[in-house]
Amino acid sequence: MGPPPPPPPPPLTALPSPPETPEAALPQQSPGDGGFSFPRPTVRVTSEYDSDSQVFFHRVSCRLVDSLAKLRISFMNNRDGEISCPMLRLDLGKRLSLDYDVEAKNALLRGSFDVGKNLQLQAYRDLKEKRGEVTMTTTLVQPSYKLALASAAPFVGLPRARFEFPLGEVSVEEREDDQARTALSMNGILKGEILSGVCTAQYEDTNLKERYSDKNLKLRYCFKDEQMTFIPEISLPYNAVSMTFKRQFSPSDKLSYCYHFHSNDFNAVYKRTIGENVKLKVGYDSEVRLGWASLWVGDEDGKTKVAPMKMKVQLMVQAPQDDFLNPLFMFRVKKRWDF
């Protein structure tokens, strides 16, 4: 007899049907709506008015393409509504930007990129003037040692060189003097800690080829602790000596005084801070024979977005010493809106 027949297959089990979704629960889509949509970018508008120049300055900015690009538009207008200096800027990330001057019909293109880990290239191009500059910066040994070479494009003359090190920097470049002759000039800054303070020496030579060229040396020493700052300074060969003294009486009260021995001129400023957003300054400058007082509402050095109501106000009065009874009042207002 042959082998027994195979057993019959198991019966098919029907899959459970999905639950019915009510028609009202389905997402509604407008007739003109596509499958996806871009969120509306946040628009920031900042306006500033200066009573001295009687000019309004406006800046409009927004981020595009998920903050990969930033568009900024700025312009000024006077009291008659006439618009001037319209500018447009487009930033594509942190490496590429385009500035466009509407009145001059000119564009300035800037870009930078890294070549390896220790080399960076930066360049800008003026499209109307057809000129620009290329800068190459490389790191030597450590990040605190850098060498930068900058050259005009199209290439004219020698490149400008700058060497940075932990105690300062030295730069050499080719310039034209009053007689249109090219000459090599050098600038250098050297810093070091001496007697619990910082000593700075700044040197400038307008022509390295000539022995009797203009050579300037400025020596500056700064001592600072929690309550006092003392800064003597001398400029050679002019023998211009000055001394700056700052005293912090309390976290909210500070006095600054500067005296120039070569001209007997001085200026003094008293500053008082009330809370985080109010600052009062009173000062006098003997060189221009002018006394003044200023009141800031909103952090003077901070951004407008963190100020109360996103607005900063400065009120100022100037009183000439020779005409003290006819003071000049000025104010400045800066306001930001987010849409």
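How many bridges join strand 18 to strand 19? Eight of them, and the two strands run antiparallel, with strand 19 covering residues 278-285. I'll come back to that pair in a minute.

First, some ground rules. What you see is a predicted model, where local features need pLDDT of at least 70 and side-chain atom pairs count only at pLDDT 80 or more, while totals for chains, interfaces and linings use all residues. Residues are numbered from 1 along each chain as its sequence is written, and side-chain values use heavy atoms, with hydrogens and water left out.

Okay, the overall picture. The protein comes to zero helices and 22 strands. Those labels are DSSP runs numbered from the N terminus: H or I over at least four residues for helices, E over at least two for strands. There are 339 residues, and 19% of them count as buried. Buried means under 20% relative accessible area, exposed means over 50%, and partly exposed is in between, using a 1.4 Å probe and protein chains only.

How confident is the predictor? That's what pLDDT tells us, residue by residue, from 0 to 100. The mean for the protein is 86, and 86% of its residues reach 70 or more. Among the elements, strand 17 has the highest mean, 97, and strand 11 (residues 168-176) the lowest, 90. Then there are residues 9-19, with pLDDT below 50 and zero contacts beyond near neighbours in sequence. Residues 21-32 are also below 50, and that stretch has four such contacts in the model. A contact, by the way, means heavy atoms within 4.5 Å. Where pLDDT is low, the predicted coordinates should not be read in detail.

Back to the strands. Strand 17 (residues 253-260) pairs with strand 18 (residues 265-274) in the antiparallel sense, over eight bridges. To call two strands paired, DSSP has to find at least two bridges between them. If you want a spot to click on, Lys 254 has Lys 271 in strand 18 as its bridge partner. The two strands form a hairpin with four residues between them, and Asn 264 in that turn has a positive phi of about 60°.

Now on to strand 19. Here Ile 274 stands opposite Val 278. Strands 18 and 19 make a hairpin too, with three residues between the strands, and Gly 275 takes a positive phi near 70°.

What about aromatic rings here? Rings of Phe, Tyr and Trp (its six-membered ring) pair if their centres lie within 6.5 Å; planes under 30 degrees apart are stacked, over 60 edge-to-face, and the rest tilted. The count comes to six aromatic pairs. One of them is Phe 266 with Tyr 284: the ring centres are 5.8 Å apart and the planes sit at 45°, so this pair is tilted. Phe 266 is in strand 18 and Tyr 284 in strand 19, 18 residues apart. Phe 266 is partly exposed at 28% relative accessible area, and Tyr 284 is partly exposed at 25%. Elsewhere, ring pairs link Tyr 49, Phe 56 and Phe 331 into a cluster.

Next, Asp 91. Is this residue buried or exposed? At 12% relative accessibility, Asp 91 counts as buried. Look for it in strand 4, residues 83-92. Its side chain makes a polar contact of 3.0 Å with the side chain of Arg 72. A polar contact is a pair of N or O atoms within 3.5 Å; within protein, one must be able to donate a hydrogen and the other to accept it, and residues adjacent in sequence count only if both atoms are side-chain atoms.

Lys 310 is another one to find, in the loop between strand 20 (290-297) and strand 21 (311-320). Lys 310 is partly exposed, at 28%. Its C-alpha is 9.5 Å from that of Thr 46, although the two are 264 residues apart along the chain.

Last, some backbone details. The peptide bond from Ala 153 to Pro 154 is cis, with omega near 5°, and Pro 154 is in the loop between strand 9 and strand 10. Another cis bond joins Leu 236 and Pro 237, with omega about 10°. Gln 54, in the loop between strand 1 and strand 2, has a positive phi near 55°. Ser 67 has a positive phi as well, near 65°, and lies in the loop between strand 2 and strand 3.

That's my tour, thanks.

Methods. pLDDT = per-residue confidence, 0-100.
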